[in-house]
Amino acid sequence: MGRMSDAPKPDGGTVGRFRSVVLPHLDAAYGYARWLTRDPTDAQDLAQEAMLRALRYFHSFRGEEARPWLLRIVRNTWIDLRKRNGAEKLPLEVLETRAAEGPDPEQSALAGDRRRQIAAALAALPAESREVLVLREIEDLSYKHIAAVLDLPIGTVMSRIARAREKLAVELKGRLERRDHGLPDL
Amino acid sequence: MDCPTCEAMVDAYVDGELATSESAAFERALEGCPECRRRLEAARMMSGLLRELPAEPAPDLLRARIERELRTIAGASRVRFPGAAMRWGAMAASLLVAVSIGWLGGSLVGQGGRETDELVAGYIRVAMSEHGVDVASSDRHTVKPWFAGRIDYSPPVHDLTQEGFPLVGGRLDVIDGRKVAVLVYRHNQHRIALTLWPSSSSANAAATIRQRDGFALADWRHDGFEMRAVADLAPVDMKAFATAVDAAVTADR
């Protein structure tokens, strides 16, 4: 992607095409942003920023699949916003395991204890595992498209998914055991 | 096929990423490998559980904010964008319908869902349009008199620029069949709609703040007025807003 100043200013026609090609994937962009940020307000800001960035870069869109293209921009925007907020000095894992409360179950209207536990377990995973599972199971992307979003070889995507599912199983088991012993949720 | 090979294929098999011939080889290998069968079951279960999570669509307000940006960009690069206004109108109409019958319908408990629906629908009108106010002024001596003769009470109006919430203006809305005053404030790029009307109780009640789809909703009672605020703000900022309103109202008595 070129520097911002290289980009031609979008005109009415560009906005029109953008509306029909990219805007339909706003739900996916928000869903991904929701799991990256784990906060509904931050997710809206991230999705909005990513959408505007996508419009500015739309001239470089070459008719590939729009959803992975947009999700990659969401991810890059998220990384940039975190850098801007001075979070890059912490290693990813430390940062991600610290705040693990995840989307508020009340807000997300996640019905039922089981779903709540799954959402909490997913939210508690380190970013690397969390995002690959979100792209696979929630956004329903193929390995090829996940590889495009994350800029990784397909083989790496495959092994990350395998590891992430194992981590999720361990996390979920831990949560269910805590609950069965009458302990509060983490 | 040896076990490490079939183990490496478990997740790709679950995800339907193996070629037909690989799938068949994997299934044959599976028969002789209880450990990989166990892995397959575990991977399938995790996949299935995550797929049970309900999708969370983009909030209407986010959609409205992006629409506003797109419209501005399209409008700035053209002298006139024929049809844009009409499309915008249609979009606004469908948005309001979505708000009143959709995700807000009866989903807020305790406060009376309809009142909250009306407040949020009113807020979206404020946040979505360029102006969103009937009287645009940061001067309380312009905004407050504007309500005279339009509603049957005189709302307390204060500019809160010092506290980080400049007054943008005022408008009328209808809540529960009654005409009410709505004051519009700004916090950075976010707008806040404060709807207020005389209370039947004189006792103050501290602000309670709920969050819903990226909106913060505050309701409280102060100095004989029922206060309801809606904004796309973090709860802590909404709390600061309510505190600022109360302090200004009290200081003015």
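Two strands pair if DSSP finds at least two bridges between them. Helices (H or I, at least four residues) and strands (E, at least two) are DSSP runs, numbered from the N terminus. The model is predicted: local features need pLDDT of at least 70, side-chain atom pairs count only at pLDDT 80 or more, and totals for chains, interfaces and linings use all residues. Residues are numbered from 1 along each chain as its sequence is written, and chains are lettered from A and ligands numbered from 1 in the order in which they are written.

**Exercise 1. Describe the hairpin of β6(B) and β7(B) and its pairing.**

Step 1. β6(B) and β7(B) are joined in the antiparallel sense over seven bridges.

Step 2. Take one bridge as a check: Trp220(B) has Met227(B) in β7(B) as its partner.

Step 3. Two residues lie between the strands of this hairpin, and Asp223(B) has a positive phi near 55° there.

**Exercise 2. Place the hairpin in its sheet and find the edge strands.**

Step 1. The sheet of chain B is open, has seven strands and pairs antiparallel, in the order β1-β2-β3-β4-β7-β6-β5.

Step 2. β1 (135-136) and β5 (205-212) of chain B each pair on one side only, which makes them the edge strands.

Step 3. On one side, β7 (residues 225-231) pairs with β4 (residues 190-198) of chain B, antiparallel over seven bridges. Ala193(B) is opposite Val230(B) of β7(B).

Step 4. β5(B) and β6(B) are antiparallel over six bridges. Here Ala205(B) has Arg221(B) of β6(B) as its bridge partner.

**Exercise 3. Which helix lies across β6(B), and at what angle?**

Step 1. Contact requires C-beta atoms, placed from the backbone, to lie within 7 Å. Axes are lines fitted to C-alpha atoms, for helices over the stretch in contact, and angles run from 0 to 180 degrees between N-to-C directions.

Step 2. Helix α8 (residues 235-251) of chain B lies across β3 (178-187), β4, β5, β6 (215-222) and β7, at about 25° to β6(B).

Step 3. A residue is buried if 20 or more other C-beta atoms (placed from the backbone) lie within 10 Å of its own, exposed if 12 or fewer, and partly exposed in between. Six of the eight residues of β6(B) are buried, so the strand is mostly covered.

**Exercise 4. Test the length of α2(A) and assess its burial.**

Step 1. The expected span is 1.5 Å times one less than the number of residues. For the twelve residues of α2(A) this gives 16 Å, and the end C-alpha atoms are 16 Å apart, in agreement.

Step 2. Nine of the twelve residues are buried, so α2(A) is largely enclosed by the rest of the structure. Among them are Tyr30(A), Tyr32(A), Arg34(A) and Trp35(A).

Step 3. Arg38(A), just after α2(A), has a positive phi of about 60°.

**Exercise 5. Locate Asp140(A) and Asp151(A): are they buried or exposed?**

Step 1. Asp140(A) is in the loop between α8 and α9 (143-150) of chain A, and its phi is positive, about 60°, although it is not a glycine. With 12 other C-beta atoms within 10 Å, Asp140(A) is exposed.

Step 2. Asp151(A) is in the loop between α9 and α10 of chain A, with a positive phi near 60°. Its 9 C-beta neighbours inside 10 Å make Asp151(A) exposed.

**Exercise 6. How many residues does each chain give to the contact, and which helix of chain A gives the most?**

Step 1. Chain A gives 37 residues and chain B gives 37 residues.

Step 2. α3(A) gives the most to the side of chain A that touches chain B, with eight residues.

Definitions and conventions:
Two residues are in contact if their C-beta atoms, placed from the backbone, lie within 7 Å.
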